[in-house]
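Follow the chain in the viewer below, beginning at a single surface residue and widening from there.

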Amino acid sequence: MEWGNSSLFADFVLLGLFSGSRFPWLLFSLILLVFVISIASNTTMILLIRADPRLHTPMYFLLIHLKLSIMDTIYICVTVPKMLQDLLAKEKTISFLGCALQIFFYLTLIGGEFFLLGLMAYDRYVAVCNPLRYPLLMNRRICLIMVLGSWAGGSLDGFMLTPVTMSFPYCGSREINHFFCEIPAVLKLSCVDTSLYETLMYACCVLMLLIPVSIISVSYTRILITVYRMNSAEGRHKAFATCSSHIMVVSIFYGAAFYTNVLPHSYHTPEKDKVVSAFYTILTPMLNPLIYSLRNKEVASALRKLLGRCAFSQRIRPADVSRKH
């Protein structure tokens, strides 16, 4: 069978999160609200970290330059704007190039998060187990290497898998049973056998999970041993407070990643896959800054300080106007 260029590079159709939803405006409003909260909370965290000198530490350097500012913001912008457009549009098409770009950015960002969360566990290990050597072991140069390493590891996944995925012939239905171009949903449209590629991709994803999970496991094992040996209840509480936010984010992110990348195909259905994908592509970028702000006294204190400044400036402005008159 032969395929012309017009067939190979034709547009795809995204069926959406809930195919044939009766209340698209309600779903649109909910997703738009989550999107706005995510962008606003990430932006607020960036402003807090940059404005408060107490937050100029390696952990917050990683948060502002990768996890919260760039990565989470791009992550949600890759899928949600197109999803919102499709909820109101009659034609829910996405171009061949647009689909490839979604796959590339998705793989790069999720791969980068895999590595970053592992490296942040090392940061927590140093903070709890070697606090006196923390400035030496987590200096700006090492933090920069972590940032670049996370991006490099994620982009490697994107550069390897995206061209191969888009090189398969898609000669049948162009309807992707998903709200964005996720590789398993796209491969179902291929008219050739992709089982070998899917096996290799599965092995690649498991390997990418094993590396950071190993770092996280070793780091927190050492942390637990150190905390167990502490005689001070206050020291144990401080160690728990230092790690609690990271543990919550790791549990949420890796729980979804484990379902998507590790569980056999027999456990997957299109409906489950879409719900899990919606959780870590839409909800997780909103939850991350909230977790780090609500579970962290330093961030909460910086937020109160910033709000206090804003309120003070609002009180001064009417007073200045009245003096002029």
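In this predicted model, L97 is exposed, because its relative accessible area of 58% is above the 50% cut-off for that class. L97 sits in helix α4.

L97 does not stand alone on the surface. Together with I70, I74, L101 and F105, L97 makes up a nonpolar patch whose accessible area totals about 420 Å². Two elements each supply two or more residues to this patch, namely α3 (58-88) and α4 (96-129). The largest contribution is that of α4, with 3 residues. The numbering of the patch residues can be read against helix geometry. An α-helix has 3.6 residues a turn, so residues three or four places apart point the same way.

Helix α2 offers a view of residues on the covered side of the accessibility scale. This helix covers residues 24-51, 28 residues in total, and spans 40 Å between its first and last C-alpha, close to the expected 40 Å. Its buried residues are L27, F28, I31, V34, F35, S38, S41, N42, M45, L48 and I49.

The record adds a further layer. In an unreviewed entry, UniProt assigns the feature "transmembrane region" to residues 25-48, 60-81, 93-122, 142-161, 199-218, 239-257 and 277-294. For two of these spans the model can be described directly. Residues 142-161 are 100% helix and 0% strand, with end C-alpha atoms 29 Å apart. Residues 239-257 are also 100% helix and 0% strand, and their end C-alpha atoms lie 27 Å apart.

How values were computed. Residues numbered from 1 in each chain as written. Predicted model: local features only at pLDDT ≥ 70, side-chain atom pairs only at ≥ 80, totals over all residues. Heavy atoms only, no water. Patch = residues over 30% accessible without salt bridge, like charges linked within 9 Å, V, L, I, M, F, W, Y side chains within 5 Å. Areas by Shrake-Rupley, 256 points an atom, 1.4 Å probe, with all protein chains shown as cover. Salt bridge = Lys/Arg side-chain N within 4 Å of Asp/Glu carboxyl O. Helix = DSSP H or I, 4+ residues; strand = E, 2+ residues; numbered from the N terminus. Buried < 20%, exposed > 50% of the residue type's maximum accessible area, 1.4 Å probe, protein only. Expected span 1.5 Å × (residues − 1). UniProt positions renumbered as here; feature names shortened; annotations may be inferred.
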